[in-house]
Amino acid sequence: MRPGLKFLYHIRLGSVHMYTQALDSCGTEPPSVAPAGEAERERQFQERIDRDEKIEPKDWMPDAYRQTLIRQIAQHAHSEIIGMLPEGNWITRAPSLRRKAVLIAKVQDEGGHGMYLYSAAETLGVSRGELMAQLLAGRAKYSSIFNYPTLTWADIGAIGWLVDGAAIMNQIPLCRCSYGPYARAMVRICKEESFHQRQGYEIMLTLARSGTRAQREMAQDALDRWWWPSLMMFGPSDVESGHTAQSMRWRIKRFTNDELRQKFIDATVPQARFLGLSIPDPDLRWDEASQHYASGPIDWGEFQAVLKGEGPCNRERLAARRAAHESGRWVREAAAAYADKHSDHRTGTGPAPGYAQAS
Amino acid sequence: MNEDWALYEVFIRARSGLEHKHVGSLHAADARMALEHARDTYTRRQEGVSIWVVRSIDILASDPEEAGELFEPARDKVYRHPTFYSIPEEVKNI
Amino acid sequence: MSSAAECTAGAVSAEERFRYLLRLADTSLVLGQRLGEWVGHAPALEEDLALANIALDLFGQARLLLAYAGQVEGRGRDEDQLAFRRDAPEFFNVTLAEQPNGDFGQTIVRQALLDAWQVELYHSLIGSTDEQLANIAAKAMKECRYHWRFSCGWLVRLGDGTEESRARVQAALDGLWRFTGELLTPDALDAHMASHGIAPPLALIRSRWEARLAAALEEATLRQPPPAYFPWHGKRGVHSEHLGHLLTEMQHLQRLHPGATW
């Protein structure tokens, strides 16, 4: 079920230059040459993958497969947790009680999804504590989209519509990923996230179709600011991303970055049109020949800068996570100390804190 | 000082009549906290009517490397299955 | 607005019922708003989820109560008009609910003091002569019991945890205890509601609340602070300085774009 402490792995961090953007395209260094015997195991392993068998935690797996998964799942988990912050920024200011409840539920879901994913990563022998420490030390990557600020209420709509829309495109293929715990976590996540994009689009509809002039402008401004970063969420072009091939061979990844990005554009452009909003891309046009939208070039310079920590909110996001972690330490310590003092609670055989009062 | 909470595995009974099913894990300092965290994390959409939590460290799992000796001996015991036996068609209710 | 003296006798007016409902509604609303500030910043991911769940329950209660209050008032105000277009003196939540989050210990103390109160209050309100209120109370009571389970569990862990946690949570308790008198001391409107069986007598709530708290504090190895003199009157619209800021933030879009839909 879980490798347990015996199998505790010390994970090696990925190279800093690795592209870690697309949630399903985490890179890995090329697998090193396997020692004799290993080669045969790797061949058998690949055969299992090719038969579409799921790999489970205690099964033998190549080290590079394990490292790739740990890195990818951790990035995905971190993205969920950091992703709570830009939207959390509007919980106290949501403009109706219904919107407020929806937003809390959505941000809460993101926390839950982070938990499911850390949980899946932990089956690979790395603890959540270690992963969290890497994030807080600035040594882990997360989706760069969350380093952009939420400046108006329309940004909450745009995030749901575009960012969650892009995330869903990325995530649905992961439900069939070769690693069992990750695939199962993704099934639950995709099921739960199906409301996220819809609620975002509903906000945009209200602002852009039935809103006041100020609200319509707010909606267009949000689309202008979130469009390009959303396209970047799929990661660099396949031509530049050297990691896609191995991940596809392992069935960790099932579509290329460009395929998914194109799918997103094709789905989103008509939705923007329905809202009466314009996509901020002068080169965008329908291409009869390919039956797809052709779009203008993405500013990968900006993408690289944000990845390197130079985005508008990188500092704030990490600072917020660090503050929560630091100011929560005494709480976590107190709970652990209480449990040690009353060690029968750990197994649930003794009285639990406040149990007598909890009725 | 220790601030790492133990890892717990969570099992949920979706509705009465069904067995508890493994759904994931979480961290908690004590068993009751684990139960409450499981409720808050894994039953937000009415996924369950009953929760079990157990410390991950207390689970002993079989080793996939031993799958051969553990599970393959059952393969040729076909006589354990009703279809192994042929009964004339005119015999009913058996 | 009726004066306190006027509401002790006679039938219950719509205005009085409206104001009483707002006490309940605003307490849940303001407390939920405070808990919403935590989401994404809690001591552990699991606690983010727990606090968000409690906030969602509280907003659910607030919405039901505000909708009903609006109906009773009969001026066509819906839940959002009541939540976003009233100023602090027209909010009737108990003053404790609006106190800032502080550290996690202060949030837990505030929560435990209010949860214990809401559990008892809603438990009694299930028997209210006001049927609609009784129905809302039946739903809210179950939620509040879970909230109390959560906050009481944490009160005990923090009280009986480390030196630091005990000191922090005791300080929070000492700081917030002065707001509890308001929860338990009836004013004329409370008494009027009780005399018509709409609400329970607060003396009953007081004895049950005190028993609940005494047992929890004992298990938490915390010291119960002495009663404080200053009487707070949030439930009559006279608040601490904190509510105005909370509302400024909560209401700003609605105020900036009057009449817009969201």
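These exercises with solutions concern a predicted model.

**Exercise 1.** Describe the build of chain A: which elements does it have, and what percentage of its residues is buried?

*Solution.* Start with the elements. Chain A has 13 helices and two strands. Next, take burial: of the 359 residues in chain A, 60% are buried. Then turn to the contacts between residues at least 6 apart in sequence; in chain A, 78% of these join residues at least 24 apart. Last comes the surface. The accessible surface of chain A is about 13800 Å², and carbon and sulfur atoms account for 55% of that area.

**Exercise 2.** Describe how chain A meets chain B, going from residues to area to charged pairs.

*Solution.* First, the residues: 36 residues of chain A are in contact with 34 residues of chain B. Second, the area: about 2900 Å² is buried between the two chains, and 51% of it comes from carbon and sulfur atoms. Third, the pairs: there are seven salt bridges between chain A and chain B. One salt bridge between these chains joins the side chains of A:Arg41 and B:Glu65, with 3.1 Å from N to O. Residue pairs in polar contact between chain A and chain B number 13, counting pairs with both residues at pLDDT 80 or more.

Fourth, the elements on the side of chain A that touches chain B. Helices H3 (97-122), H6 (180-208), H12 (329-341) and H13 (344-347) of chain A each give two or more residues to this side. The largest share, eight residues, comes from H3(A). Sorted by class, this side of chain A has 14 nonpolar, nine polar and 13 charged residues.

**Exercise 3.** Is A:Asp109 buried or exposed, and which residues outside its sequence neighbourhood does it contact?

*Solution.* Locate the residue first: A:Asp109 is in helix H3 of chain A. Its relative accessible area is 2%. The cut-off for buried is under 20%, so A:Asp109 is buried. Now set aside the neighbours within four places in sequence. A:Asp109 then contacts A:Glu192, A:Phe195 and A:His196 in chain A, together with B:Arg44 and B:Arg45 in chain B.

**Exercise 4.** For A:Asp52 and C:Thr221, find the sign of phi, the loop and the exposure.

*Solution.* Take A:Asp52. Phi is positive, about 65 degrees, although the residue is not a glycine. A:Asp52 lies in the loop between helix H1 (38-50) and helix H2 (63-88) of chain A. With a relative accessible area of 43%, A:Asp52 is partly exposed.

Now take C:Thr221. Phi is again positive, near 55 degrees, in a residue other than glycine. The loop holding C:Thr221 runs between helix H9 (202-219) and helix H10 (242-256) of chain C. C:Thr221 has a relative accessible area of 37% and is partly exposed.

Definitions and conventions. Residues numbered from 1 in each chain as written. Chains lettered and ligands numbered in written order. Predicted model: local features only at pLDDT ≥ 70, side-chain atom pairs only at ≥ 80, totals over all residues. Heavy atoms only, no water. Helix = DSSP H or I, 4+ residues; strand = E, 2+ residues; numbered from the N terminus. Buried < 20%, exposed > 50% of the residue type's maximum accessible area, 1.4 Å probe, protein only. Contact = heavy atoms within 4.5 Å. Areas by Shrake-Rupley, 256 points an atom, 1.4 Å probe, with all protein chains shown as cover. Buried area = accessible area lost by both parts, 1.4 Å probe. Salt bridge = Lys/Arg side-chain N within 4 Å of Asp/Glu carboxyl O. Polar contact = N/O pair within 3.5 Å; in protein donor to acceptor, adjacent residues only side chain to side chain. Nonpolar A, V, L, I, M, F, W, Y, C, P; charged D, E, K, R; others polar.
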